[in-house]
Amino acid sequence: MKIFPTTSIKQLDADTIENEPIASIDLMERASRALARAIAERWEPDTPLTVFAGPGNNGGDALALARLLAGKGYRLEVYLFNTKGTLSPDCETNKERLADVPGVDFHEVTTQFVPPVLTADHVVIDGLFGSGLNKALSGGFAAVVKYINASPATVVSIDIPSGLMGEDNTYNVHTNIVRAHLTLSLQLPKLAFLFAENEPYVGEWQLLDIGLSEDVIHDMETDFCLLEHEDVSALLKPRSRFAHKGNFGRALLIAGSQGMAGASVLAARACLRSGVGLLTVHVPFCNNFIVQTSVPEAMTELDISDTCFAAATDTDDYQAVAIGPGLGKAAETEAALLEQIEICQTPMVVDADALNLLGEKRNYIGRLPKGSILTPHPKELERLVGKCQNSYERLMKARELAKSAGVHIILKGAYSAIVTPAGKCFFNPTGNPGMATGGSGDVLTGVVLALLAQGYEPEKAACLATYVHGLAGDVACKKQGAVGMTVGDIVACLPLAWKMLEE
């Protein structure tokens, strides 16, 4: 599913209007019918509704919605803010259509605004400003937003919460953004919905199909996409009936140190549950017995050190290498990591302590083998690119790093972003808060390693691994609940997640 920057959304509407063809007022009516259905599915007609409409097309949507809900038996108070005496043509038309509609108490605010009483029983419909906003709200509109936010009412925003920018909110005034409980986004999501700091404003978000042209959406370019089940399922390679373990690659996992054997065990189990042909785990002597007994399907290769990774190893016989889970940050480990990067010609998955060590030797990132994938969480990424003010800046810096170093990056989070050297960003919708626990990233590393070893291209491996990792977490959450699930539960649910993709 494509995610367009807000600068492209107006063009998307215009192209739909031209190509369908359909009048803009009729497209607005179609959108408002979808909004009315979504409201009616959640709230009964006896729910007191208060609509705040702005002077643009977002306000036109709100006015049309009010008329349609009144036709379903709802009683509404409607406030149209027309302080400059200028409405968009479609907003003006819907103002005229709303006149004398039974069940609607209509107020056009041109100067002074007398706020209505809002209780916990009220639902406020926010149609003040849409995705075309390009500066922070101020003055009277900021005051209205603050009044809405201070009320105990449930708030529903049309398309995007008023005051929120569709992408970059670095310089926004956050107190002047509507805090919605539900955002009804028209046709496609906005990039801002996927950033953690915007959750208090966006709340739950739901997509409404308003019939924008599929051909136009297909043809219009964007660097941002939200992964969908069907697209990810199509990435799976079929397995020949005559296949053998040699067809599915040899993988090397360099992981673990004294007291951190669990990370290597989790990554190894995830790798083996993701279709790899053969797996070798490079471990210090102190972890050998643990890995051999916990993961009997894997082979081990001993490091020269008893307690940590201290010597680079030959990788010529492997199709993929992963390094980092539980590695530690000993001085000899840093030296071994840098040497490993220098001699390795095999695609690498770089995670955890390997990323932390590279944060102090950033010039080595560009020396990683072609096809390598970094899997940082936000703090690990910032050690590589510098401090970031918010998720948008972090994503932009990840794109810069991916391009300059020629690597793929999986920026982990609630909507993990797969960033390619070409600047493409694929966001993953699977996963849940139960996965926010130590070891979850080690599992992802194991899955990515397995797919690279099987010959998947880096972009496909990263997208497929991230999606199935979250899907396994969702299956585990249904079984165990978000509080009680462990990382071991995610590994245990990987087979079912793969099966769900295969089917």
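# Notebook: contacts, sheet and salt bridges

**Entry 1. Glu334.** I looked up the contacts of Glu334 and found Leu357 and Lys361, leaving aside residues up to four places away in sequence. I am working on a predicted model. Glu334 sits in helix H11, residues 331-343. I then took the distance from Glu334 to Asp26. The two are 308 residues apart in sequence, and their C-alpha atoms are 63 Å apart in space.

**Entry 2. The sheet.** Next I traced the strand order. I found an open sheet of 7 strands, ordered S4-S3-S2-S5-S6-S7-S8, with parallel pairing. Which strands stand at the edges? They are S4 (104-109) and S8 (204-208). Each has a single partner strand, so one side of each is left without a neighbour in the sheet. I also checked the twist. Neighbouring strands are turned by 20° against each other on average, direction ignored. As a reminder to myself, strands of a sheet pair through backbone hydrogen bonds, either parallel or antiparallel.

**Entry 3. Strand S2.** I went through S2, residues 49-53, strand partner by strand partner. S2 is joined to S3 (residues 76-81) by 5 bridges, and the two run parallel. On that side I noted two pairs. Leu49 stands opposite Leu76, and Ala53 stands opposite Leu80. S2 is also joined to S5 (residues 123-127) by 5 bridges, again parallel. There, Val51 stands opposite Ile125.

Is S2 covered or open on its faces? Both faces are covered. Leu49, Val51 and Ala53 are buried on one side, Thr50 and Phe52 on the other. That agrees with the count for the strand, where 5 of 5 residues are buried.

I also followed the chain from S2 to S3. S2, helix H3 (residues 57-71) and S3 make a right-handed β-α-β unit. Helix H4 lies across S3 and S4, and runs at about 140° to S4.

**Entry 4. Salt bridges.** I counted salt bridges and got 12 in the structure. I looked at three of them.

The side chains of Arg97 and Glu29 meet at 3.5 Å, N to O. Arg97 lies in H4 (residues 89-98) and Glu29 in helix H2 (residues 24-42), so this pair ties together parts that are 68 residues apart in sequence. Arg97 is partly exposed, with a relative accessible area of 34%. Glu29 is buried, at 12%. The pair does not stand alone: Glu29, Arg67 and Arg97 are linked in a network of salt bridges.

The side chains of Lys412 and Asp351 meet at 3.3 Å, N to O. What does this pair tie together? Lys412 lies in the loop between S16 (408-411) and S17 (417-419), and Asp351 in the loop between S14 (348-350) and helix H12 (352-358), so the pair ties together parts that are 61 residues apart in sequence. Lys412 and Asp351 are both buried.

The side chains of Glu382 and Arg394 meet at 3.0 Å, N to O. Glu382 is in helix H13 (residues 378-385) and Arg394 in helix H14 (residues 391-405), 12 residues apart. Glu382 is buried, with a relative accessible area of 9%. Arg394 is buried as well, at 15%.

**Entry 5. The UniProt record.** I checked the record next. UniProt, in an unreviewed entry, lists residues 228-501 as "domain: YjeF C-terminal". Over that range I read 45% helix and 12% strand. The end C-alpha atoms are 11 Å apart.

The unreviewed entry also places a "binding site" at Lys412, Gly413, Ala414, Tyr415, Ser416 and Gly441. These positions are spread over 30 residues of sequence, yet they cluster in space, with a largest C-alpha distance of 14.0 Å. Lys412 I had already met in its salt bridge with Asp351.

I looked at two more of the listed residues. Tyr415 lies in the loop between S16 and S17. Ser416 is found in the loop between S16 and S17 too. Are they buried or exposed? Tyr415 counts as partly exposed at 25% relative accessibility. Ser416 counts as buried at 8%, and the cut-off for buried is under 20%.

Last, I listed their contacts, again without residues up to four places away in sequence. Tyr415 touches Phe193, Leu194, Trp205, Leu226, Phe427, Asn428 and Pro429. Ser416 touches Leu411, Phe426, Phe427, Asn428 and Thr466. Phe427 and Asn428 appear in both lists.

Technical notes
Residues are numbered from 1 along each chain as its sequence is written. This is a predicted model: local features need pLDDT of at least 70, side-chain atom pairs count only at pLDDT 80 or more; totals for chains, interfaces and linings use all residues. Side-chain values use heavy atoms; hydrogens and water are left out. Buried means under 20% relative accessible area, exposed over 50%, partly exposed in between (1.4 Å probe, protein chains only). Helices (H or I, at least four residues) and strands (E, at least two) are DSSP runs, numbered from the N terminus. Two strands pair if DSSP finds at least two bridges between them. A crossover is right-handed if, with the strands pointing away from the viewer, the path from the first strand over the helix to the second runs clockwise. UniProt positions are given in the numbering used here, feature names are shortened, and annotations may be inferred rather than shown by experiment. A salt bridge is a side-chain nitrogen of Lys or Arg within 4 Å of a carboxyl oxygen of Asp or Glu. Axes are lines fitted to C-alpha atoms, for helices over the stretch in contact, and angles run from 0 to 180 degrees between N-to-C directions. Contact means heavy atoms within 4.5 Å.
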